[in-house]
Amino acid sequence: MTALDLADLTKSYPDGGAPTVRGLSLSVESGSLTALLGPSGSGKTTVLKLIAGLLTPDTGDIRLGGRSIRDLPPEGRRVVMVFQNPLLFPHMTVAENVGFGLRMRDVAPNEVAARSAAMLEKVRLVGLGNRRPVELSGGQQQRAALARALVLEPEVLLLDEPLSSLDASLRDEMRALILDLQRETRVTTLVVTHDQTEAVILADRIALMLDGRLVQHATPEVIYGRPVTLAVARFFGGVNFLPGRAAGGIFHTSIGPLVLPTGVTDGPGTLTIRPEAVRLGPGREARPARLVSCTFLGTQTRIELDLAGTRLQALTTPEALRGLAPGQEVGVTLPTAALWVLPEV
Ligand code: ADP
Ligand code: MG
């Protein structure tokens, strides 16, 4: 079931320039965790503010459970947003911060206390309710902000780069907490991130924004293996791009003809293959290549190959490379099933 529906949203800021959000449509399934991914400045925070009601769209509609919430005030939307910077009230205790929204809704004091305490336990801040925000670490402040949002039992939770201000070890912890809480509460969640690895780890589905537009909304696997444009492929860490032309199921390119999977339309395009799909060693379809360089990455080794003057990157295991050194010849296979053609050159 669709929980949240953004329909052709456009938003410009008053100081002119191109619109920050351009004709963005996105349907988010009820209970899902979606990553809104895009580089800095692509309009992600603006989209969250539109959903939360902190900004009004120039055109388009926002529906929750099929009903428009476009003209409702933020507090009437059942949507809560957690900002990149936690923004806790400094003069209140942590527990008071968490209970704030409930008090504003005239919930009875004993119920506020009980629900706040339960939520502090869920975000693993037991015993810290009487502290002031300044007495918490950055990670604890983030968790308090998450508790303050979730205690309101929203239909939609919006998290704006919840991990970006944390260092690596805290990031793992916070990520796990977000995943646990989302699974437990099943609140429809939109998490903003500019980090594609983070998006892949966190989300069921990724909504990818470039330049104010939604360019692809799919599972991480699909965006990874079948990006819709060259820009998506590049943003997702694609490195192997071979310009050429598809004709009758064959892609003609600088390294020779390659058999394509079915369904590729004839015409000019760019062939891409993920580095981990490139196979090394002898084989019926193998073509000769020269090993240019190897970079040891721990469990994997990144290698650069030269195929008739064209460079390709591959990821392989240190074992598969045993006995091979830069400068040597090696057979390379680009399996048909792993080839993907982008319609642009
Ligand atoms: P992101 O969260 O993806 O980094 P934002 O939604 O914050 O992107 O911003 C997208 C663009 O909109 C940026 O180029 C930014 O300069 C512009 N922008 C954001 N907020 C404002 C504002 N309050 N006034 C004018 N321009 C803004
Ligand atoms: Mg932002």
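Here are a few short exercises on this predicted model, each with a worked solution.

Local features need pLDDT of at least 70 and side-chain atom pairs count only at pLDDT 80 or more, while totals for chains, interfaces and linings use all residues. Residues are numbered from 1 along each chain as its sequence is written, chains are lettered from A and ligands numbered from 1 in the order written, and side-chain values use heavy atoms, leaving out hydrogens and water.

**Exercise 1. Get the overall picture**

Work out how many helices and strands the protein has, and what share of its residues is buried.

*Solution.* Start with the fold: there are eight helices and 20 strands (DSSP runs numbered from the N terminus, with H or I over at least four residues for helices and E over at least two for strands). Next, burial: of the 345 residues, 47% are buried (under 20% relative accessible area; over 50% is exposed and in between is partly exposed, with a 1.4 Å probe and protein chains only). Finally, check the contacts (heavy atoms within 4.5 Å): among those with a separation of 6 or more, 65% join residues 24 or more positions apart.

**Exercise 2. Map the ligand site**

List the residues around ligand 1, then find its polar contacts with Tyr13, Gly41 and Gly43.

*Solution.* First, the shell (a heavy atom within 4 Å): Tyr13, Asp15, Thr20, Pro39, Ser40, Gly41, Ser42, Gly43, Lys44, Thr45 and Thr46 surround the ligand. Sort them by type and you get two nonpolar, seven polar and two charged (Ala, Val, Leu, Ile, Met, Phe, Trp, Tyr, Cys and Pro are nonpolar, Asp, Glu, Lys and Arg charged, the others, Gly among them, polar).

Now the polar contacts (N or O pairs within 3.5 Å; within protein, one atom must be able to donate a hydrogen and the other to accept it, and sequence-adjacent residues count only if both atoms are side-chain atoms). Tyr13 puts a polar side-chain atom 3.3 Å from a ligand nitrogen. The backbone takes care of two ligand oxygen contacts: a polar atom of Gly41 at 2.7 Å and an N or O atom of Gly43 at 3.0 Å. Last, the cover: ligand 1 taken alone exposes 570 Å², and the protein buries 58% of that (Shrake-Rupley areas with a 1.4 Å probe; for residues, only the protein chains shown count as cover).

**Exercise 3. Find the core**

Which residues have the most contacts inside the largest nonpolar core?

*Solution.* The core (buried Ala, Val, Leu, Ile, Met, Phe, Trp, Tyr and Cys joined through side-chain atoms within 4.5 Å) has 46 residues, and Leu146 and Leu157 have the most contacts inside it. Helix H4 gives the most to this core, with six residues. Then look around Leu157: leaving aside neighbours within four places in sequence, its contacts include Val80, Val82, Leu146 and Leu190. A second, separate core of 25 residues includes Leu9, Ile69, Met81 and Ala207.

**Exercise 4. Place a glutamine**

Is Gln182 buried or exposed, and which backbone oxygen does its side chain reach?

*Solution.* Locate it first: Gln182 sits in helix H5, residues 168–185. Its relative accessible area is 5%, so Gln182 is buried. Its side chain reaches the backbone oxygen of Gly31 at 3.0 Å.

**Exercise 5. Two positive phi values**

Where is Glu153, and what is its phi? Do the same for Asp211.

*Solution.* Most residues other than glycine have a negative phi. Glu153 has a phi near 45° and lies in the loop between H4 (138–150) and S7 (156–160). Asp211 has a phi near 60°, in the loop between S9 (205–210) and S10 (213–218). Check accessibility last: Glu153 is exposed at 51%, and Asp211 is exposed at 54%.
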